[in-house]
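Got a few minutes to look around a protein chain? Have the sequence and the 3D view open side by side while you read.

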Amino acid sequence: MPTFEEIAAFVAEKPFATAVIALLGLAGLVLAYLVLRIAWRAVAWLFERYIAPRPIEDVLTVVAASIATGVSAQGMWRFSGDVLGLDGPLRLLLFAFIEVAIITSAVRARRNMRENFSAGIDGIAVWALTCLTAVLSSMDARSLPEAVFRLAAPLVAAWLWERGMAIERHRIRGTGRINWRLTPERLLVRVGLAEVSDRTASEVDAHRRLTRVALAAKRAKALRENGASERKMRVALARLDKAMDQAVEHTGLAVDQGRQEALLAQIAALYNTSALIDADPRVPWEPEPEQHPVPARPALPPALAELVREEDEDVQVFDATPQVVDTAQRAAMMRLARDYWDRQIAKGIVPRTVDIAQETGLSLATARQYRALWKLEPEAHALIEALFQQHGIVDTGAFPVIADDGRILASNGLTS
C-alpha cells in the first residue's frame, strides 16, 4: 500500500498517467454502478415473479432443498475423486450428474402434476436417484457420523420436495391428503380401548348393559319358541335375570324413562329381525309413488248390512231360504259373477262377498266360495297387497288374511 507522499510524488511526476488512471477509475465506478443496478433489478424481478407470490413455507422448502442438494453434490465430488479417480475438468463436468438428473426429474414431475395431476414416473425417479446418490456419497465417508450425514442430506432434500409437491397437489386439485386405514386411533378403537363417539364412560357402560338384557331376552324367547328343554330354559332365564339385575343397579333403569325406552327399542328390533326380509326400502332419488284414491264401495241394502259387517267378511251367515236353481241358471249366474269380478278388478276394486251376492243374486255362501278362489289369481292378489301397502286396507277374506303383526294366515291355519 503506497503512502500519501508516494502518491503525491507520482502525481507530480506523471500528471498525464494520473489523469488516465483517474478517468479509468471513474469509468470503472460507473460500470460497477450499472452492473449492480442491473443485478438488483434482476433480483427484484425474480423475487416479484417467483418468490413473492409463493407462501413462505414454499420458499423455505426450496432453500433447504438447495442446501441439502449442495451437501449431496459435495459428497459426490469427493466420491468422484477418491473412488473414480477423476481429476481436473473431467471431475468438474461429471461429479454432479446424479444431482442434475434429480433436478431434471423434479422439474418434470412438477410439470406432470400441473398437466396430469400426478407426478408419474418422474416422481418415483426423484426418490430412486436420491437414494442412489445418498448411498454413493456415504461409501466414501471416513467415519460413521459422516456416513449418516451423507445418507441424510439427499433424503432431506427429497422429503422437502415431496412436501412441496403435496402442497401444490392440494392447491391444484383441491383435495386433501389421504386417510390412512391403519392409524393409532383406529387400532385402539378396534381392540376396544377407545370410543368412537364422545360418549362418557357411564353412557357406554349403560348402553352395554342394556344390550346384554335385550340379547338375553331374545335368546330366552328363541329357546321357548323352539321348545327347548327345561334345563336350557332355566339357564337362559337365569342369565336374563342377572343381566336385568345389573342393568337396574348400574343404569337406573327403574326410574330413567329414556333408558327404558332405549331397552324396549332394542328388544323390539331384535324380536323383529325376520321382518327385514320383507322390507322395501326406497332409494332417495326414487320418485314418490302416486297415491291413487281408493274407489268407494257401493252402499249395502239394510238387510245385507245387518247380516254381514263391513269389517269382517268371515262371519258365519246361515241363509234360512236356500237358493235352488237349475244347472243352466247357476252357470249363467257364475258367468255374471265372474264378469262383475273382472270389471271391478280392472277398476282397482276388490269386491266383497256381499258385493258379489248383491250384484249377481248368488247366495252369500256361494259368493264366498267363488271369491276365495278368485282372490288367488295374480292380479287380484297383487291388488290386495298394493292396497295394504299403500293405504293399510286389510283384506279379511279366505286368502290371504293379513294379521296386525304382518303374518299371512290361510283358512287352514298359519302359513308364514
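Here is a quick tour, from the whole chain down to a few single residues.

Keep in mind that this is a predicted model. The chain's secondary structure comes to 16 helices and 3 strands. Of its 416 residues, 26% are buried. Take the contacts between residues at least 6 apart in sequence: 57% of them join residues at least 24 apart.

**Two helices to trace end to end**

- Start with helix H3, which covers residues 56–82 and has 27 residues. From its first C-alpha to its last it reaches 39 Å, close to the 39 Å expected at 1.5 Å a residue.
- Some residues of H3 are buried, among them Asp 58, Thr 61, Ala 65, Met 76, Arg 78 and Phe 79.
- Next comes helix H9, residues 201–225. Its 25 residues should span 36 Å at 1.5 Å a residue, and its end C-alpha atoms are indeed 36 Å apart, so the two values agree.
- Just after H9, look for Gly 227, which takes a positive phi of about 70 degrees.

**What H9 packs against**

- The buried residues of H9 include Val 204, Arg 209, Leu 210, Val 213 and Leu 223.
- Which helices help cover the buried residues of H9? Helix H10 (230–251) and helix H11 (257–271) are included in that cover.
- Ala 247 gives you a close-up from the H10 side, as this residue lies in helix H10. Its relative accessible area is 0%, so Ala 247 is buried.
- Leaving aside neighbours within four places in sequence, Ala 247 is in contact with Arg 209, Leu 210, Val 213, Gly 252 and Leu 253.
- Ala 247 and Val 213 are 34 residues apart in sequence, yet their C-alpha atoms are 7.5 Å apart in space.
- Also worth finding is Lys 221: its charged end sits over the ring of Tyr 271, 5.0 Å from the ring's centre.

**The nonpolar cores**

- A bit of background: in soluble globular proteins, nonpolar side chains tend to be buried together.
- Here, the largest nonpolar core has 17 residues. Those with the most contacts inside this core are Ala 337, Trp 341, Ile 345, Val 350, Ile 356, Leu 362 and Trp 374.
- Helices H13 (327–346), H14 (353–360), H15 (364–374) and H16 (378–391) each supply at least two residues of this core. H13 gives the most, with 5 residues.
- Ile 345 touches Val 350, Pro 351, Glu 379, Ala 380 and Leu 383, not counting residues up to four places away in sequence.
- There is also a second, separate core of 12 residues, which includes Phe 79, Ile 102, Ala 109 and Ala 119.

**Aromatic rings**

- How many aromatic pairs does the structure hold? There are 2.
- In one of them, Trp 341 and Trp 374 are tilted, at 5.7 Å centre to centre with 50 degrees between the planes. Trp 341 lies in helix H13 and Trp 374 in helix H15, so this pair ties together parts that are 33 residues apart in sequence.
- Why does the pair of Tyr 370 and Trp 374 count as stacked? Their ring centres are 5.5 Å apart and their planes are at 25 degrees, and planes under 30 degrees apart count as stacked.
- Tyr 370 and Trp 374 both lie in helix H15, 4 residues apart, which is about one turn of the helix. Both are buried.
- Put together, ring pairs link Trp 341, Tyr 370 and Trp 374 into a cluster.
- Trp 341 has a relative accessibility of 1%, so this residue counts as buried. Not counting residues up to four places away in sequence, Trp 341 touches several others, including Val 350, Ile 356, Arg 371 and Ala 380.

**A threonine on the inside**

- Thr 130 has its place in helix H6, residues 120–139. Is Thr 130 buried or exposed? At 3% relative accessibility, Thr 130 counts as buried.
- The side chain of Thr 130 reaches the backbone oxygen of Val 126 at 2.6 Å.
- Neighbours within four places in sequence aside, Thr 130 is in contact with Ile 102, Pro 154, Leu 155 and Ala 158. You have met Ile 102 already, in the second core.

Notes:
Residues are numbered from 1 along each chain as its sequence is written. This is a predicted model: local features need pLDDT of at least 70, side-chain atom pairs count only at pLDDT 80 or more; totals for chains, interfaces and linings use all residues. Side-chain values use heavy atoms; hydrogens and water are left out. The expected span of a helix is 1.5 Å times one less than its number of residues. Buried means under 20% relative accessible area, exposed over 50%, partly exposed in between (1.4 Å probe, protein chains only). Contact means heavy atoms within 4.5 Å. A nonpolar core is a set of buried Ala, Val, Leu, Ile, Met, Phe, Trp, Tyr and Cys residues joined through side-chain atoms within 4.5 Å. A polar contact is a pair of N or O atoms within 3.5 Å; within protein, one must be able to donate a hydrogen and the other to accept it, and residues adjacent in sequence count only if both atoms are side-chain atoms. Rings of Phe, Tyr and Trp (its six-membered ring) pair if their centres lie within 6.5 Å; planes under 30 degrees apart count as stacked, over 60 as edge-to-face and the rest as tilted. A charge sits over a ring if NZ of Lys or CZ of Arg is within 6 Å of the ring centre and within 35 degrees of the ring normal.
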